[in-house]
Amino acid sequence: MLSGWREVTARRPWRISAKLLIISSVVTVIGFSAICVNVMLDMRRGEEALARQTLENLATTIESDISRNIEIYDLSLKAVAGNMLLPELATVSKPIRHLILFDHATTAKHFGAIQVFDTEGRLTIDASTLDPLPENRGEEDYFTVHRDNPGAGLFISRPMLFRGAYSIVLSRRISDDDGGFLGVVAGSIRFSYFHELFERLSLDPDDTITVLKRDRTIMMRRPFDLDIIGKNLNERQTTWKADNLRIGTAYSGQGPVDPTPRLYVRSADNGPLFVVAGKPLAAVFALWQKEAFRIGAVVLALALFVLASTLVLAREIGRRAAAEHKLEEMATTDALTGLKNRRKFDSVIDVEWRRAMRQKTPVALLMIDADHFKAYNDTFGHQAGDQVLVGIAICISDSVSRAGDCAARYGGEEFAVLLPNTSATDAFKVAETIRAKVQGWSDDQTTSTVSCGIASLVPASGMDWSILVAAADKALYAAKAGGRNQSVVASIPKLSLVA
């Protein structure tokens, strides 16, 4: 037990060193990995911020173009509505009336001809012809909203099929000087305008552009899909919420139309329509994912290399510790009995003597000698004698169990047991235990016994531990002189012998 404890004690510093090496390597790897993760997250946030800025600029550009064209077309509608109040219109010819009403009207290939409807919704004037065909739009929302609401202002309808082309209809109320309802002036912007606008942009195939009214009605979308054009996002039964498209914020995730996760950015709400630009998250982070994979692979390889090197070094440290422990054991252990040798004993007793001197505690020493060993050795041979010495050593080891005790082969058939912080009485009990075990262990052919000399004292300043050894040695001689197979305690300082 004592030998095993000392073996653990001897190896512990090396085990701690190996553990510290492994722990420091693991902490280093974790630290570098954390830095790497932080850098990659910063790169990811940078990619997202760049994509968001790009989408914001795109949405703002599209919204500005749409608002500018709607504003230009609205000026034409206002001009026609104002000119309809001129009294001379009733007396002039149709060509002159067209010249008066539509002289300042904006014309473009994507703008539909402006039409004027009376209070019943009947078409009365059409900018595209002097003699329009009979037509009644009294049930259309772009007519009824002005009839029922004098303050409606510019009204933009849902996308519809208007005059043979998919368009959005823009309309204004015609009121007399007293605010009475005189009719509606209406025009249209064809979908071809949006298609041409989107085609001028450099967009990826999966990028989306959605034009919406303030009530979140989809007016136009790229990619074009008639099934969702004209639908209101607030009415769609999806997990997506309308608040996800608040002004000044970006939204990442599944959109209201398709399940593809995207980064969505909304333009400023400056005009009657606003734009939402979307880009797939896979495209946003494609470059970042490549860099993250490359950096992560390098860091992982380095981490594995460091950990593998650490384990190799730790194993080598363990081997070196075991080798040094083995060398120390060989240098301090008696090869025959397994007890400490004389050199180790002298080192231990010196340390314990100084400690006892500082702490004012007693130190006990047992000097043990095999009785009639020379005669036994001559009779039964050296191998039998060695077996006796081994048996005595086993009995001593079994009787000395404290961590600080030191049992050693002092020389030949003589053994020494150092018992720190032990009185003479307790040391005598240990000696008797050893003597009894040796006597009980002996075989039937001959009885092997031991004699024990015991000395215990509290070291004082100026004293040397050789005094303790000399006292125990004299007590041992007294035990032999008294008939052997007994224990004798030395009386200190008079060194009188008591059996």
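Glu352 is a good place to start, and you will find this residue in helix 7 (residues 342-359). Keep in mind as you look around that this is a predicted model. From Glu352 the tour moves on to a five-stranded open sheet, to a pair of crossing helices and to the largest nonpolar core, which has 54 residues.

**Two glutamates and a serine**

- Is Glu352 buried or exposed? Glu352 counts as buried, because its relative accessibility is 14% and the cut-off for buried is under 20%.
- Apart from neighbours within four places in sequence, Glu352 is in contact with Val363, Gly404, Leu418 and Pro420.
- Glu71 sits in helix 1. With a relative accessibility of 54%, Glu71 counts as exposed.
- Glu71 and Gly271 are 200 residues apart along the chain, and their C-alpha atoms are separated by 8.9 Å.
- Ser192 belongs to helix 4. A relative accessible area of 30% makes Ser192 partly exposed.
- Between Ser192 and Asp65 there are 14 Å from C-alpha to C-alpha, and the two are 127 residues apart in sequence.

**The five-stranded sheet**

- In what order do the strands of the open sheet run? The order is 8-7-11-10-9, and the pairing is antiparallel.
- Strand 8 (218-222) and strand 9 (250-254) are the edge strands, each pairing on one side only.
- On average, neighbouring strands in this sheet are turned by 20° against each other, direction ignored.
- Helix 4 (residues 191-199) lies across strand 7 and strand 8, and runs at about 35° to strand 8.

**Strand 7 and its partners**

- Strand 7 (residues 208-213) and strand 8 run antiparallel and are joined by four bridges. Leu212 has Ile218 of strand 8 as its bridge partner.
- The hairpin of strand 7 and strand 8 has four residues between the strands, and Arg216 in this hairpin takes a positive phi near 70°.
- Strand 7 also pairs with strand 11 (residues 273-280), in the antiparallel sense and over six bridges. Here Lys213 has Leu273 of strand 11 as its bridge partner.
- Why is strand 7 described as largely enclosed by the rest of the structure? The reason is that six of its six residues are buried.
- Both faces of strand 7 are covered. Thr208, Thr210 and Leu212 are buried on one side, and Ile209, Val211 and Lys213 are buried on the other.

**Helix 3 and the strands around it**

- Tyr142, Phe143, Thr144 and His146 are buried in helix 3 (residues 141-148).
- Which strands do the buried residues of helix 3 pack against? They pack against strand 1 (115-117), strand 3 (155-156), strand 4 (160-162), strand 5 (165-175) and strand 6 (181-190).

**Helices 8 and 9**

- Two packed helices are described by the angle between their axes and the distance between the axes.
- The axes of helix 8 (residues 373-380) and helix 9 (residues 382-399) cross at roughly 140° and come within 6 Å. That crossing is why helix 8 is called oblique to helix 9.
- Phe373, Tyr376, Asn377 and Phe380 of helix 8 meet His382, Ala384, Gly385, Val388 and Leu389 of helix 9.
- The residues of this contact divide into six nonpolar, three polar and no charged.

**Nonpolar cores**

- In soluble globular proteins, nonpolar side chains tend to be buried together.
- Which residues touch the most other members of the largest nonpolar core? They are Ile66, Ile168, Phe194 and Val211, out of 54 residues in this core.
- Helix 1 (residues 2-83) gives the most to this core, contributing 13 residues.
- Leaving aside neighbours within four places in sequence, Ile168 is in contact with Ile156, Ser157, Pro159, Gly187, Ser188, Ile189, Phe191, Phe194, Met219 and Leu273.
- A second core, separate from the largest one, has 27 residues, including Ala370, Val388, Phe415 and Cys452.
- Val388 thus links two topics: it is a member of this second core, and as a residue of helix 9 Val388 takes part in the meeting with helix 8.

Conventions. Residues are numbered from 1 along each chain as its sequence is written. This is a predicted model: local features need pLDDT of at least 70, side-chain atom pairs count only at pLDDT 80 or more; totals for chains, interfaces and linings use all residues. Side-chain values use heavy atoms; hydrogens and water are left out. Two strands pair if DSSP finds at least two bridges between them. Axes are lines fitted to C-alpha atoms, for helices over the stretch in contact, and angles run from 0 to 180 degrees between N-to-C directions. Contact means heavy atoms within 4.5 Å. Buried means under 20% relative accessible area, exposed over 50%, partly exposed in between (1.4 Å probe, protein chains only). Angles under 35 degrees count as roughly parallel, over 145 as roughly antiparallel, 65 to 115 as roughly perpendicular and the rest as oblique. Ala, Val, Leu, Ile, Met, Phe, Trp, Tyr, Cys and Pro count as nonpolar, Asp, Glu, Lys and Arg as charged, and the others, Gly among them, as polar. A nonpolar core is a set of buried Ala, Val, Leu, Ile, Met, Phe, Trp, Tyr and Cys residues joined through side-chain atoms within 4.5 Å.
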